[in-house]
Amino acid sequence: MRIDVTPKVVARLSLSRTLTRPDYTALSAAQLLGAEYHESHVNDLEIVYHVPLLRRITAVVREVKPSIILTHSPQDYMEDHMACARLAVSAAFTHGMPNFETTPPTATYAHDVTIYHAMPHGLRT
C-alpha cells in the first residue's frame, strides 16, 4: 500500500527552501509511516479554487494514483479548507479525463478514487 502525506494539498517537495512547521510536521509523519511526502503548492490561507492550481493538483493525483483521498469538509469555518476540498474533489474527478490538461502533462488512469471528507468544525453528535 502506498501512503502519501500532505500538509494541505498534494504537491512536490522542493528541498531548495526552508521547511515551515506544517511542512516539517507532515514530513515527520510521512517518515514515521514510511510514506512519500508531497509539499503544498500554495501557502496556508492562500488556497483558492482556480484552474491553474487544479491542473497542478490533478497532475499529482494522476502520478500518485490514489485509491483514497482524505480532505477537508466542504463546509468549514476556513475558506481555504473549503477550497482545498473542492480542489481535491475536482482533481479526483478529472484524473481520468484525457481532455483535461495538467501541469506538468501526465497520463490519465482509469481506477476509482474514493474521497473522504473530515467532519465539519463544531459538528456534535
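In helix H2, the buried residues are Leu53, Leu54, Ile57, Thr58, Ala59, Val60, Val61, Arg62 and Val64. This list offers a way into the structure, which is a predicted model. The length of H2 can be checked by simple reasoning: at 1.5 Å a residue, its 14 residues should span 20 Å, and its end C-alpha atoms are indeed 20 Å apart, so expectation and model agree.

The wider setting of this helix may now be described. The protein contains 3 helices and 4 strands, and along the sequence these elements follow the pattern β-α-β-α-β-α-β. The protein has 125 residues, of which 36% count as buried. If one takes the contacts between residues at least 6 apart in sequence, 73% of them join residues at least 24 apart. The surface exposed by the protein amounts to about 8000 Å², and carbon and sulfur atoms supply 58% of that area.

Before H2 comes a loop that leads from strand S2 (36-37) to the helix, and Val42 lies in this loop. Apart from its neighbours within four places in sequence, Val42 is in contact with Ile47 and Leu53. Leu53 has already been named among the buried residues of H2. Val42 and Leu53 are 11 residues apart in sequence, and the distance between their C-alpha atoms is 8.7 Å.

What is the sign of phi in Lys65, the residue that follows H2? The phi of Lys65 is positive, near 55°. Most residues other than glycine have a negative phi. Lys65 is thus worth noting, because it is a residue other than glycine with a positive value. Lys65 belongs to the loop between H2 and S3. Its relative accessible area is 46%; buried residues lie under 20% and exposed ones over 50%, so Lys65 counts as partly exposed.

The chain then enters strand S3, which covers residues 68-71. In a regular strand the side chains alternate between the two faces of the sheet. S3 shows two such faces: Ile69 and Thr71 form the covered one, while Ile68 and Leu70 form the uncovered one. One residue from each face illustrates the contrast. Leu70 has a relative accessibility of 70% and therefore counts as exposed. Thr71 has a relative accessibility of 11% and therefore counts as buried. Leaving out residues up to four places away in sequence, Thr71 touches Cys84, Ala85, Ala88, Ile115, Tyr116, His117 and Ala118.

The uncovered face of S3 also takes part in a feature of the surface. Ile68 and Leu70, together with Tyr116, make a nonpolar surface patch of about 350 Å². Strand S3 is joined to strand S4 by 4 bridges, and the two strands run parallel. Within this pairing, Ile68 stands opposite Thr114 of S4.

Helix H3 comprises residues 79-94. At 1.5 Å a residue, its 16 residues should span 22 Å, and the distance of 22 Å between its end C-alpha atoms agrees with this. Is H3 largely enclosed or largely open to the outside? Since 12 of its 16 residues are buried, H3 is largely enclosed by the rest of the structure. The buried residues are Asp80, His81, Met82, Ala83, Cys84, Ala85, Leu87, Ala88, Ser90, Ala91, Ala92 and Thr94. An α-helix has 3.6 residues a turn, so residues three or four places apart point the same way. The buried residues of H3 pack against helix H2, strand S3 and strand S4. Cys84, Ala85 and Ala88, which are among these buried residues, are also among the residues touched by Thr71 of S3.

Not every residue of H3 is covered. Glu79 belongs to this helix, yet its relative accessible area is 58%, so it counts as exposed. The C-alpha atoms of Glu79 and Val48 are separated by 8.3 Å, although these residues are 31 apart along the chain.

The loop between H3 and S4 contains Pro104. Most peptide bonds are trans. The bond between Thr103 and Pro104, however, is cis, with omega at about -5°. Beyond this loop lies S4 (114-117), one of the elements against which the buried residues of H3 pack.

Key:
Residues are numbered from 1 along each chain as its sequence is written. This is a predicted model: local features need pLDDT of at least 70, side-chain atom pairs count only at pLDDT 80 or more; totals for chains, interfaces and linings use all residues. Side-chain values use heavy atoms; hydrogens and water are left out. Buried means under 20% relative accessible area, exposed over 50%, partly exposed in between (1.4 Å probe, protein chains only). Contact means heavy atoms within 4.5 Å. Accessible areas come from the Shrake-Rupley method with a 1.4 Å probe; for residues, only the protein chains shown count as cover. Patches are made of residues with over 30% relative accessible area and no salt bridge: like charges are joined within 9 Å, nonpolar side chains (Val, Leu, Ile, Met, Phe, Trp, Tyr) within 5 Å. A salt bridge is a side-chain nitrogen of Lys or Arg within 4 Å of a carboxyl oxygen of Asp or Glu. The expected span of a helix is 1.5 Å times one less than its number of residues. Two strands pair if DSSP finds at least two bridges between them.
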